[in-house]
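Here are some notes for a colleague who is coming to this structure for the first time. They take up its sheets, a pair of packed helices, and the empty spaces inside and at the surface.

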Amino acid sequence: MTLEEFLEEWNSLSPYIRVQTSGSTGAPKPMLVEKCRMLASARITCDFLGLKAGDTALLCMSLDYIAGKMMVVRSLERGLRLVSVPPTGTPEWNGPIDFAAMVPIQVWNLLHDANGRRRLEQVRHLIIGGGAINDALASALVGFPNRVWSTYGMTETLSHIALRRLNGPEASDRYTPFPSVHVSLSADGCLVIDAPEVCAERLVTNDIAELSPDGTFRILGRKDNVICSGGLKIQAEEVERLLRPHLSAPFLITKRKDEKFGEIVVLLTESATDEAENTAHQVLPKYWQPRAYIRVDHIPLTATGKPARKEAEQLALHPSR
């Protein structure tokens with residue numbers, strides 16, 4: 001979708017905008033959202049960041065998804081000056097920017113390009129969403145001169161409902177919900193979101209979370225990604241978190257059914273060596289160690305760069321090496 005096409009849809013008489021989910025746990029699904037709630041979400045973010053009319057906002061993400069659409073809506077709601085550039089893996093623009101939103105791979109690519117890094121350091125408020133921020137990326141951003149944030153949210157919440165700082169004295173591994181948002185935990189430990197301004201109904205997520213008394217929270221992983229192996233519940237994302245600092249090749253933890261254990265941990269890797277297997281034996285608890293290692297040409301990802309978990313499970317059906 002082009003910017004002109006989105007603006008035409010936004011300015012139509014319909015009170016709704018059509019969006020689609022990211023497809024990280026299955027096929028992307030279309031849904032209709034109210035324009036008034038998108039405006040409310042935009043206002044909440046702009047208020048939190050202190051953005052004012054005339055500030056510059058960078059649009060460098062696809063308008064096919066909520067993150068790109070919301071950058072336009074924030075510009076409309078607050079009177080920001082929108083700078084639109086092609087949504088490439090290494091976006092290019094000229095001059096300082098007050099506010100930008102990117103996915104992790106865009107930030108990573110810019111950090112590893114001298115000119116890209118200089119541009120990135122001129123962004124006053126950078127929010128990063130649409131995928132997990134690994135330890136290497138987080139470490140690379142610690143010394144940044146301006147404010148860098150990780151977002152928590154989803155299409156259903158019209159982008160993010162909580163932020164956490166990645167740099168400066170306010171850096172944290174916990175998300176702080178916006179003032180109008182209340183979070184709690186379900187009986188099975190999943191995050192429950194009450195955000196009446198942006199979502200008409202209480203939303204029970206599939207994200208297993210750890211909630212602090214002050215209302216901040218940490219995401220441990222998705223309920224869908226729990227591997228029940230031999231009576232133990234193993235969170236795929238936690239296994240990935242332990243392995244990530246030690247593996248150079250792209251990899252992904254998934255699962256497959258097993259007659260003896262119920263389910264087993266499977267590691268997909270792009271490496272042509274035994275690096276993954278040797279490392280797993282060294283750094284993982286015994287019962288978290290994969291029982292199958294599968295070499296793949298490419299780790300499956302969604303269009304927004306998230307792990308394509310369902311596709312990974314299909315790849316895990318192949319015999320282990």
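1. A term is needed before the rest: helices and strands here are DSSP runs, of at least four residues for a helix and at least two for a strand, and they are numbered from the N terminus. Please also keep in mind throughout that this is a predicted model. With that term in hand, one can say that α2 and β8 (159-165) each supply at least two residues of the lining of the second largest cavity, and α2 gives the most, with 3 residues.

2. To complete the picture of that second largest cavity, its space comes to about 40 Å³, and the residues that line it are S41, I44, T45, H160, I161, F178, S180, V181 and V198. Sorted by class, this lining holds 5 nonpolar and 4 polar residues, with no charged residues.

3. The helix α2, which spans residues 35-49, also packs against helix α3, residues 66-78, at an angle of about 75° and with the two axes 8 Å apart. Angles of 65 to 115 degrees count as roughly perpendicular, and α2 and α3 are therefore roughly perpendicular to each other. On the α2 side the contact is made by M38, L39, S41, A42, R43, T45, C46 and D47, while α3 contributes I66, K69, M70, V73, R74, E77 and R78. By class, the residues of this contact divide into 7 nonpolar, 2 polar and 6 charged. A reader may like to note that S41 and T45 are named both in this contact and in the lining of the second largest cavity.

4. Which strands stand at the edges of the open sheet of 7 strands? The order in this sheet is β4-β3-β5-β6-β7-β8-β9, and its pairing is mixed. The edges are held by β4 (81-84) and β9 (176-177), each of which has a single partner strand, so one side of each is left without a neighbour in the sheet. Helix α4 (residues 104-111) packs on this sheet, where it touches β5 and β6 (123-128), and its direction makes about 120° with that of β5.

5. Within the same sheet, strand β3 (residues 56-59) and strand β5 (residues 97-102) pair in the parallel sense over 2 bridges, and A57 stands opposite F99 in β5.

6. A further open sheet has 4 strands in the order β10-β11-β12-β13, with antiparallel pairing. Here β10 (182-185) and β13 stand at the edges with a single partner strand each, so that one side of each is left without a neighbour in the sheet. From one strand to the next, the twist averages 50°.

7. The pairings in this sheet of 4 strands can be followed residue by residue. Strand β11 (residues 190-194) runs antiparallel to strand β12 (residues 203-211) and pairs with it over 3 bridges, with I193 standing opposite L203 in β12. Between β12 and strand β13 (residues 217-222), which also run antiparallel, there are 5 bridges, and E210 stands opposite R218 in β13. How many residues lie between β12 and β13 in the hairpin that they form? There are 5 residues between them, and G215 in the turn has a positive phi of about 90°.

8. A search of the whole structure finds 2 cavities of 30 Å³ or more, and the largest cavity has a volume of about 60 Å³. It is lined by D224, N225, I227, A236, I253, T254, K255, R309 and E313, and the elements that give two or more residues to this lining are β16 (251-258) and α9 (309-315). Of the elements, β16 gives the most to the lining of the largest cavity, with 3 residues. By class, the lining of the largest cavity divides into 3 nonpolar, 2 polar and 4 charged residues.

9. The second largest pocket deserves a separate look, with a volume of about 190 Å³. Its lining is made of D188, G189, I208, K223, V226, C228, K233, I234 and Q235, to which β14 (226-229) and β15 (232-235) each supply at least two residues. The most is given by β15, with 3 residues, and the classes in the lining of the second largest pocket are 4 nonpolar, 2 polar and 3 charged.

Note on methods:
Residues are numbered from 1 along each chain as its sequence is written. This is a predicted model: local features need pLDDT of at least 70, side-chain atom pairs count only at pLDDT 80 or more; totals for chains, interfaces and linings use all residues. Side-chain values use heavy atoms; hydrogens and water are left out. Axes are lines fitted to C-alpha atoms, for helices over the stretch in contact, and angles run from 0 to 180 degrees between N-to-C directions. Angles under 35 degrees count as roughly parallel, over 145 as roughly antiparallel, 65 to 115 as roughly perpendicular and the rest as oblique. Contact means heavy atoms within 4.5 Å. Ala, Val, Leu, Ile, Met, Phe, Trp, Tyr, Cys and Pro count as nonpolar, Asp, Glu, Lys and Arg as charged, and the others, Gly among them, as polar. Two strands pair if DSSP finds at least two bridges between them. On a 1 Å grid over the protein atoms alone, a cavity is a set of points where a 1.4 Å probe fits but cannot get out, and a pocket is an open set with protein on both sides within 12 Å along at least five of seven lines; lining residues have an atom within 4 Å of a point. Grid points are joined across faces, edges and corners, and a volume is the space filled by probe spheres set on the points.
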